[in-house]
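Please open the model in your viewer and keep the sequence panel beside it, since this tour moves from one selection to the next.

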Amino acid sequence: MTIFAIGSIPLILVLGNSMLIPVLPKMETELGLSDFKVSLVISVFSIAAAISIPILGYLSDRFSRKAVIIPALILYGSGGFLAGAAAAWFSNSYMWILAGRVLQGIGAAGTAPIAMALTGDLFKGGEQSRVLGLVEASNGFGKVISPIIGSLLAILFWYAAFFAFPIFCLVSVLLTIFFVKEKRDKQAHHTPIGKYIKGLVSVFKTEGRWLFAAYLTGATCLFTLFGILFYISDILERDHGIDGILKGCILAIPLLFMTATSYITGSKIGKKMPLMKRLIVLGLLFMTASFSALVLFKSLIPFFSVLVISSIGTGLVLPCINSFITGSVPADRRGFVTALYGSVRFLGVAIGPPIYSALMAWSRTGMFLVTAGLALFAGLLCMMLIHIKKKEPSSDTLFEKLQLT
C-alpha cells in the first residue's frame with residue numbers, strides 16, 4: 001500500500017496535462033483561441049511547476065516529504081476547480097483558466113519529484129530501482145488512461161476534466177496520509193540554509209557534467225512526448241475526423257508501450273549501472289531512428305507502428321535516469337536534486353506544445369528531423385559524460401560509484 005500510495009502521486013501529476021490533450025481542439029473552438037493560446041494551457045502549468053519545484057524540493061529536505069506533498073495536492077485540486085468554474089461561469093474565462101493552471105502547476109511541483117525523493121528515502125538497493133520503475137510506470141499509466149478519461153469527460157461538457165482534478169487529488173491525499181510512514185533524519189531538518197547551499201554547490205561542482213546530461217535527457221524525453229501528443233491530437237481531428245473516445249484510445253497507444261517498457265526496465269535494472277547506461281543510449285537511439293523514419297509515413301497505421309519504437313525508447317531511458325538521479329545524493333539533499341530534475345522535465349513538457357505548434361506551421365519533415373537530432377545529441381552526451389567505475393565501492397550512493405570527467 002505504501003508503493004501504491006507513492007505511485008498515486010505521479011499518476012495525479014500527469015493527469016494535469018495528458019487529460020487535457022484531447023480537449024484542446026474543442027477548447028480552441030469554444031473560446032475562439034489560436035493554436036498558440038491553447039498550447040499555453042499546457043505550458044503555463046509546466047512553467048509554474050518548473051519554477052516552484054526547487055523551492056519545494058528544499059522545503060521537503062528541510063521539513064519532510066509529506067509536509068510538502070499533501071498541501072501541494074490540495075493546491076493542485078483547487079487550481080483545477082478554479083479553471084473549471086471559470087470555464088463554466090466566468091465571462092473572461094481564458095485568463096481565469098490560465099490562473100487556475102498556474103495554481104495547479106505550483107501544486108504539481110510538490111508531487112512527482114518529491115515522490116521520487118521519498119522513494120529514495122524509503123527503499124534501498126535494487127528495491128529502490130524497482131519501485132522507481134513502478135513510479136515511472138505509474139506516471140506512464142496516467143498518461144495512457146488520461147486521454148481516454150479526458151475524452152469520456154468531454155462527452156458531458158468540454159471543461160468537465162477540470163472538475164475531476166479535485167476528486168483525484170483527494171484520493172491521493174488520503175492514501176499518502178494513511179499509508180506513507182516517513183523515517184526522517186531529524187538532524188537534516190536543522191541544517192542551516194548556508195550550509196545546505198554549500199553542500200549543493202559542491203555536489204554540482206563534482207557531479208555537474210553527468211547531472212547535466214541526465215537532466216537534458218529527461219527533458220528531451222518529455223519534450224518529444226508531449227510535442228508529439230499535441231501534433232497527433234491536432235491531425236487526428238483535423239485531417240482524419242477522429243474525435244471523442246476513439247481519439248483518446250489512439251493517443252493512448254504510444255503511451256501504453258512506454259508504460260510497459262518502463263515497468264519492465266525498472267524491475268530488471270537493479271543497481272546495474274553499466275546496464276543502465278547502455279539502456280539510456282539504446283533508448284535514445286530508438287527515439288532517433290523512429291523520429292527520422294516518421295518523415296516517410298502519413299497513414300495512421302504505419303505512422304503509429306513506427307512511433308511506438310520511440311515510445312519503447314522513452315520507456316528504456318526514464319527509469320534508468322530516475323535511478324541515477326535519485327541514488328546520486330545523500331537524503332538530506334536528495335529532495336533538491338530530484339526536484340531540479342523535475343523542473344527540467346516540466347520545462348520539456350512546457351515548451352513541447354508551443355514549439356511543435358511552430359514546427360508544424362513550418363515543416364512536418366523539419367519537425368521530425370529536429371526531434372531526431374535532439375534525441376541523438378542527448379544520446380551522445382550520455383555516452384561521453386556518464387562513466388562507470390569498474391570496481392564499485394560499498395557505499396549505497398551512486399555519487400561514489402560514478403567516475404565523471
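Begin by selecting alanine 161, which is buried, with a relative accessible area of 2% (buried means under 20% relative accessible area, exposed over 50%, and partly exposed in between, with a 1.4 Å probe and protein chains only). Alanine 161 has its place in helix α8, where helices are DSSP runs of H or I with at least four residues and strands are runs of E with at least two, numbered from the N terminus. If you now add leucine 20 to the selection, you will find its C-alpha atom 7.1 Å from that of alanine 161, although their positions lie 141 residues apart along the chain. Apart from neighbours within four places in sequence, alanine 161 is in contact with Met19, Leu20 and Leu153, contact meaning heavy atoms within 4.5 Å.

Before going further, please note that this is a predicted model, in which local features need pLDDT of at least 70 and side-chain atom pairs count only at pLDDT 80 or more, while totals for chains, interfaces and linings use all residues. Residues are numbered from 1 along each chain as its sequence is written, and side-chain values use heavy atoms, with hydrogens and water left out.

**The whole chain**

Zoom out and colour by secondary structure: the protein has 14 helices and zero strands. Of its 405 residues, 61% are buried. Among contacts with a separation of 6 or more, 84% join residues that are 24 or more positions apart. If you switch on the surface, its accessible area comes to about 15600 Å², and 71% of this belongs to carbon and sulfur atoms; such areas come from the Shrake-Rupley method with a 1.4 Å probe, and for residues only the protein chains shown count as cover.

**Into the core**

Hide the surface and select Phe162 and Ile232, the residues with the most contacts inside the largest nonpolar core, which has 120 residues. A nonpolar core is a set of buried Ala, Val, Leu, Ile, Met, Phe, Trp, Tyr and Cys residues joined through side-chain atoms within 4.5 Å. Helix α9 (residues 193–238) gives the most to this core, with 18 residues. Around phenylalanine 162, not counting residues up to four places away in sequence, you can pick out the residues that it touches, among them Leu20, Met27, Phe81 and Ile97.

While you are at helix α9, select aspartate 234, which is found there and, at 17% relative accessibility, counts as buried. Leaving aside neighbours within four places in sequence, aspartate 234 is in contact with Asp239 and Met360.

**Along helix α8**

Which residues does threonine 176 contact, once neighbours within four places in sequence are left aside? Select this residue in helix α8 and you will see Ala5, Ile9, Lys66, Ile69, Ile70 and Leu73 in contact with threonine 176. Threonine 176 is buried, with a relative accessible area of 0%, and its C-alpha atom is separated by 7.5 Å from that of lysine 66, 110 residues apart along the chain.

Next, select Met1, Phe4, Leu170, Leu174, Ile177, Phe178 and Phe179, which make a nonpolar surface patch of about 710 Å². A patch of this kind is built from residues with over 30% relative accessible area and no salt bridge, with nonpolar side chains (Val, Leu, Ile, Met, Phe, Trp, Tyr) joined within 5 Å. Helix α8 (residues 160–179) supplies the largest share of the patch, five residues. Phenylalanine 4, in helix α1 (residues 2–18), counts as exposed because its relative accessibility is 53%.

**A salt bridge and an aromatic cluster**

The structure holds one salt bridge, that is, a side-chain nitrogen of Lys or Arg within 4 Å of a carboxyl oxygen of Asp or Glu. To find it, select glutamate 30 and lysine 26, whose closest N and O atoms are 3.5 Å apart. Because they are four residues apart in helix α2 (residues 24–31), these two are separated by about one helical turn.

For a last stop, select Phe81, Trp89, Phe157, Trp158, Tyr159 and Phe163, which form one aromatic cluster. Rings of Phe, Tyr and Trp (its six-membered ring) pair if their centres lie within 6.5 Å, and by this rule the count comes to 14 aromatic pairs.

Note on methods
Patches are made of residues with over 30% relative accessible area and no salt bridge: like charges are joined within 9 Å, nonpolar side chains (Val, Leu, Ile, Met, Phe, Trp, Tyr) within 5 Å. Rings of Phe, Tyr and Trp (its six-membered ring) pair if their centres lie within 6.5 Å; planes under 30 degrees apart count as stacked, over 60 as edge-to-face and the rest as tilted.
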